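User: Could you walk me through this protein's fold and packing? I'd like short answers with the cut-offs spelled out.

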Amino acid sequence: MLELKVPDIGGVEVPIIEVHIKEGATVRVDDPLITLESDKASMDIPSIYTGTIEKLMVKVGDKVSQNQVIALISQSQEKDINVSSKVVNEKIITQKEELKYPVIETLNSTNKPNKPNDLNNSIEVKPAISVSNQNIETVIFNNVQHFSHASPSVRKLARELGISNIAQVKGSGLKNRITHDDIKAYVKQALQSNIHQQTNNGSNNSLASNLNLIEWPQVDFAKFGAIEQKALSRIQKLSGANLHRNWVMIPHVTNNDEADITELEKFRKKLNNEDAGKTIKITLLAFLVKAVVVALKKFPTFNSSLVGDDLILKKYFNIGFAADTPNGLVVPVIKNVDNKGIIEIANEINDLAQAARNGTLKVDQMQGGCFSISSLGAIGGTTFTPIINAPEVAILGVCKAYQKAMWCENKQQFVPRLTLPLSLSWDHRVIDGVMAGKFNAYLGQLLSDYRRISL
Ligand code: COA
């Protein structure tokens, strides 16, 4: 059995404000045992052994000094890194060695770091250097109003659990100090209220409250007739969350245009007839995928992603296409389209769409996309607003081709032309209306006369 003792804290008695261990608990080297606090600083005392706490010798409120036994520990077989001598002998804390020393946080709300040997004039404190915590630095150097009492280990736990502003947590400890339990309770409550809001309201109310929107309507649907409640599928939940984020975060604009695909459709049918008997049919989507890549080469901004203030321009051409599956929408990606011909692309669309419907699509088959196409062509519609698939900056929506009466100058009459509606949504932070109009018009030209693809 070994003793876990208070290291050199400078010959003074300092009260314990938190005890992090209990009898029977397992601790590892560097786990905090207790937190001490004087009127100038607080400090976690870490364990120097790994093992099981056999007897706890202190409690909150006790005043302790150097060499006082905190607990008895039965050491485990794990090899410990004994840091006690360093703790005792070296009082200067460096950022690099931060984890090996008792972590000290100043409670001094003035702009200046404490003087050496100043935990009740004994511990040397280098506050902002010793604790790489933005909150603490803010407290020390900006002399802010919203000071929160919390030990370094509590702050560390808060950071690990994603609490960006510890001042939001209500402290239940001595002098309203924030404890580990307060942090856990705060996170638990935040999670519960988020789940509650999403379940009850069908919307993200925390976002709504951030935007200062009125409450989501609460309706007892059963009051008006029979209902059936059905959980969203896993894919619906995942894609829904992505679509929601993209819709809210990206300033979308949609340009609608049309392409005369009369000749292209004749060509497609001819190819399919030549290939009659083969299993794979060439659909319009394969031609669209190829044409989009030629347009991306002409307008490289559409083949980019916005990262901070920079555009990442991609030199590869991977095109995603929305595929409808019994469980929801997925977007498989055809890689390196610029190196592939129409038949190869058609084959790949077929394979990927099959895999999507069977639920056997692999994660990497949905990654690396540069631009997406959402085709409702087999279904109908005239225009729609496809939602950009972040971090891409544009998406092409395609509706059902229809026969349109077009004025023919030569013949001085209207002639029927098969016309494909194109709806291009783009991110207005990256692309402007002129560029989008040109992209759509160029795509229309390519589809109207597919020979242009080879130019
Ligand atoms: N106009 C007219 N006909 C069209 C067309 C268009 N724009 N696009 C496709 N068609 C035709 C095809 O040529 C085919 O006709 P055919 O049998 O006479 O040759 C028929 O519609 C069926 O095509 P489909 O099997 O759907 O193939 P596809 O390559 O067009 O599409 C998928 C494949 C995977 C994209 C499609 O099955 C799918 O899932 N679409 C839904 C996408 C989606 O959910 N989008 C919305 C996202 S919010």
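Here are some questions and answers about this structure.

Analyst: Happy to help: this is a predicted model, where local features need pLDDT of at least 70, side-chain atom pairs count only at pLDDT 80 or more, and totals for chains, interfaces and linings use all residues. Residues are numbered from 1 along each chain as its sequence is written, and side-chain values use heavy atoms, leaving out hydrogens and water.

User: How many helices and strands are in the protein?
Analyst: Both are DSSP runs numbered from the N terminus: helices are H or I with at least four residues, strands are E with at least two. On that basis the protein has 11 helices and 20 strands.

User: Is C370 buried or exposed?
Analyst: Buried means under 20% relative accessible area, exposed over 50%, and partly exposed in between (1.4 Å probe, protein chains only). C370 has 0% relative accessibility, so C370 counts as buried.

User: Which element gives the most residues to the largest nonpolar core?
Analyst: A nonpolar core is a set of buried Ala, Val, Leu, Ile, Met, Phe, Trp, Tyr and Cys residues joined through side-chain atoms within 4.5 Å. The largest has 57 residues, and F302, F371, I373, L396 and L447 have the most contacts inside it. Elements supplying at least two residues each include β17 (371-375) and α11 (433-448). With 12 residues, the element that gives the most to this core is α9.

User: What share of contacts between residues at least 6 apart in sequence joins residues at least 24 apart?
Analyst: Contact means heavy atoms within 4.5 Å. Among contacts in the protein between residues at least 6 apart in sequence, the share joining residues at least 24 apart is 62%.
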